[in-house]
Amino acid sequence: MSRLLRTGLNAGDSAPMAVVGGEGAYFHLADGRKLIDGSNTGGGLGHRHPAMVEAIRRAADTPVVNEGWTWVGREQAADDLMAIAFKGEDDWVGAVRFCISGSEANDMALSLCQAMTQRSALATRERAYHGITGLSRSMTVQPQWHGGLAVHAGGSKLPAPMAPLRILPAPDGAIYGGPANSKPPSEYLADARRLLSDTAATIIDYTQGGIYYDGAYQDEVARCAREAGSYWIADEVVTGAGRAGRWFAFQGSQSRPDIVTLGKSLGGGAAAVAAVVVSKEIVERLKGTSWQNYGTLRGHPISMAAVSAYLKVVSEDNILEHVKSLEKLFSRRLLAIAQKHPSVQRVAGQGLHWTVELHGPDWRSWRADTTEDPIASRVATRALEAGAVIGTSGEQVSLFLAPPLVISDREADQLLDALDHGLDIADEEHR
């Protein structure tokens, strides 16, 4: 019996696969199989990328420097982030503070906004996920991810919420199965300014729950938040650092956030690292104060080496252009797959993050409080037969594809072939 407490990304009680190694876009399993890694948002450069391995090897020879000490590598990582990823954003971007996880980054950003505004309430959009730590847990409104206990005999035991919550309507933006006549955001966000009137911050992400980037939606939320005196946080933990086909999803439109949170791929899959990036306006607001929020291992030398190495690889190897090219391949093939399989209800995505939603129960009723493997997990299990790992985020009817940004066209086609194969089981049940 394992002594490790775990949470699997495929719902149900099936044992997870045992990973013993990896190379590029592939997992190596204990049973000898090699599977395409199709659902790993934290591994932007895949497994054992030589530049990342070398950066970590060099950094292992450095001292352990906590967040309270100045470290030259941390200063360098901050400069690299601004010079490479935020190039062209100099008119508004101010400074960065590094941390360990996206959940932590969101919690830090939200608590900072509460301190600056002296307001408690916070806002997000429907079906959002922002993490399970601190205030980020209160902003996660996917019902199965509540940070508490899902009792397998039925029911949930939830921790108390940490802040009053306001929930905005979400955009759709599907390439398949979306509404026939989409309303403009100004209509379905007509009540947004009132909803945000007492909030410290409004945090919006660009992938969670299969809800993706929408420029008009972003601009309307930004306008309403600023009119309400609510700081706007762009949660780019998943999309930031290249997965959207540009450095940040928010760059697809004119509005710019007060705060950007980053994580996952920021360390190139080689180290756990995240960041809170604040505007020049907030930097000015913080003068004369000390942000009393501390973490011993934040900005650790190994993490900082990983950030600098990752930024360099993405820039020098034209990774963003590669992601844009693959976005066209995924869009074309996923549309064809959806049209082939009657079990598919909706497809949406951007860059190298895509959601395939199946017909079935409404997501609002899913609590993961059963040992039964839901249909999405069974599709993912069948896809393993065709040589690829597909994720579900623990959801009942949603699958997601998020391969390494370095995946080749051939490997991408193999991943999509595996999805095609896996969906046969959903078609049988849909009949």
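At the start of helix α7 (215-227), a side-chain oxygen of Asp 214 comes to within 3.1 Å of the backbone nitrogen of Ala 216. This is a polar contact, meaning a pair of N or O atoms within 3.5 Å, where one must be able to donate a hydrogen and the other to accept it, and where residues adjacent in sequence count only if both atoms are side-chain atoms. Please note that this is a predicted model, in which local features need pLDDT of at least 70, side-chain atom pairs count only at pLDDT 80 or more, and totals for chains, interfaces and linings use all residues. Residues are numbered from 1 along each chain as its sequence is written, and side-chain values use heavy atoms, with hydrogens and water left out.

Helices here are DSSP runs of H or I with at least four residues, and strands are runs of E with at least two, numbered from the N terminus. After α7 comes Gly 229, with a positive phi near 75 degrees.

Which residues of α7 are buried, that is, under 20% relative accessible area with a 1.4 Å probe and protein chains only? They are Gly 215, Tyr 217, Gln 218, Glu 220, Val 221, Ala 222, Cys 224 and Ala 225. An α-helix has 3.6 residues a turn, so residues three or four places apart point the same way. The buried residues of α7 pack against several elements, including β5 (121-125), β8 (165-168) and β10 (231-235), where contact means heavy atoms within 4.5 Å.

I close with length. The 13 residues of α7 should span 18 Å at 1.5 Å a residue, taken times one less than the number of residues. The end C-alpha atoms of α7 are 18 Å apart, which agrees.

Methods. Buried < 20%, exposed > 50% of the residue type's maximum accessible area, 1.4 Å probe, protein only.
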